[in-house]
Amino acid sequence: MAVQAGPAPQPRIAAPAELAPVTTVGDVIKASKPSDWRPLDPNNTLYLDIPAGRVVLELAPDFAPKHVANIKALVAEHYYDGLAITRAQDNWVVQWGDPDEKNPKAILHAQRTLPGEFTVPLKNVKNFTRLPDADGYAPQVGYSNGFPSARDPQSGTAWLTHCYGTVGVGRDNGSDSGGGTELYAVIGQSPRHLDRDITVVGRVVSGMPLLSTLPRGTGPMGFYDSPEKNVPIKSIRLAADVPLEQRSHLEVMRTDSAAYQAVLEAQRNRGGPWSKVKAGHIDVCNAPIPVREAAK
């Protein structure tokens, strides 16, 4: 009588070897020196105040000088005050501007539209700390004075990358159809395919949870489908125009410092006991730049 063979025994899969503990980002921050940090420039810092609190934006004039100047002009004439966040699209962006397209708010001295500043000449960028890890969207990526950025030495151009927290200028099809009256912040996975197609003017350095947790819009592209759902903007102010005692006193780790190189390594190769595998790689958008309250 034939004997049926049972299932072949499955090979035992060995558990990954435990990784030794390594220096963490928290360790690097604790060991950092005052020279590893820089204060935000009040002349390039905006306070976006909404009912839930304050969002702090840092502008990048090296990468979009005309748009940054125009946004400052809009702020100076209080253009954004009383406007609204009109869009919150899941895994995409939060956008703010004038909710009344038929009767738009008047602009006094600034410009409504400008030619796009999608890239700038390399000479415009004051510093660049290159990330050695490979990137699929640019020949070189790294950090330019606290901003995730990319560059192409062959074309002699540089640009800011679309990472979580990036602030860009909304536009229509025309590359010259935006000027800063409509702005957005990335709240989802980094949409790097937008690089060099939209003018990027800065990034959110504080207050991202206030934007990323907003109720999602149910209209097309995440726009709120009724005016009462819009989130009112109390004001947008340039930090330099705000009394000292009302400012947010923040400092950002210098991305050209040895401390930030240690931050990158801590995130590129995390140690045990929780992590089981060393990634050995880090993405330009997956290396948060530490921000902290400045010591008083």
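This passage describes the pockets, the disulfide and the nonpolar cores of a predicted model.

A good place to start is with the open spaces. Rolling a probe the size of a water molecule over the atoms shows where empty space is left. The largest pocket found in the model has a volume of about 940 Å³. Its lining is made up of 36 residues, and those closest to the centre are Gln-95, Glu-101, Asp-172, Glu-182 and Phe-223. Sorted by class, the lining holds 13 nonpolar, twelve polar and eleven charged residues. Two strands can be picked out here: strand 4 (84-88) and strand 5 (93-97) each contribute at least two residues to the lining of the largest pocket.

The second largest pocket encloses about 330 Å³. It is lined by 17 residues, with Tyr-164, Arg-203, Cys-285, Pro-288 and Ile-289 closest to its centre. Strand 13 (residues 200-206) provides the largest share of this lining, three residues. In the second largest pocket, the lining divides into 13 nonpolar residues, three polar and one charged.

Cys-285, just met beside the centre of the second largest pocket, also takes part in the one disulfide of the structure. Its partner is Cys-163, and the two sulfur atoms are 1.9 Å apart. The link between Cys-163 and Cys-285 is left-handed, with -70° about the S-S bond. Which parts of the chain does this pair tie together? Cys-163 sits in the loop between strand 10 (157-160) and strand 11 (166-169), while Cys-285 sits in the loop between helix 4 (258-268) and strand 17 (291-293), so the disulfide joins parts that are 122 residues apart in sequence. Are these two cysteines buried or exposed? Cys-163 is buried, with a relative accessible area of 4%, and Cys-285 also counts as buried, at 17% relative accessibility.

The last stop is the packing of nonpolar side chains. In soluble globular proteins, such side chains tend to be buried together. The largest nonpolar core in the model contains 34 residues, of which Ile-85, Trp-96 and Leu-211 touch the most other members. Helix 2 (residues 65-76) gives the most to this core, with four residues. What does Leu-211 contact, leaving aside its neighbours within four places in sequence? The list consists of Val-55, Ile-85, Val-94, Ala-185, Ile-187 and Val-204. Apart from the largest core lies another, of 27 residues, which includes Val-141, Val-263, Leu-264 and Val-284.

Note on methods: Residues are numbered from 1 along each chain as its sequence is written. This is a predicted model: local features need pLDDT of at least 70, side-chain atom pairs count only at pLDDT 80 or more; totals for chains, interfaces and linings use all residues. Side-chain values use heavy atoms; hydrogens and water are left out. On a 1 Å grid over the protein atoms alone, a cavity is a set of points where a 1.4 Å probe fits but cannot get out, and a pocket is an open set with protein on both sides within 12 Å along at least five of seven lines; lining residues have an atom within 4 Å of a point. Grid points are joined across faces, edges and corners, and a volume is the space filled by probe spheres set on the points. Ala, Val, Leu, Ile, Met, Phe, Trp, Tyr, Cys and Pro count as nonpolar, Asp, Glu, Lys and Arg as charged, and the others, Gly among them, as polar. A disulfide is a pair of cysteine sulfur atoms within 2.5 Å. Buried means under 20% relative accessible area, exposed over 50%, partly exposed in between (1.4 Å probe, protein chains only). A nonpolar core is a set of buried Ala, Val, Leu, Ile, Met, Phe, Trp, Tyr and Cys residues joined through side-chain atoms within 4.5 Å. Contact means heavy atoms within 4.5 Å.
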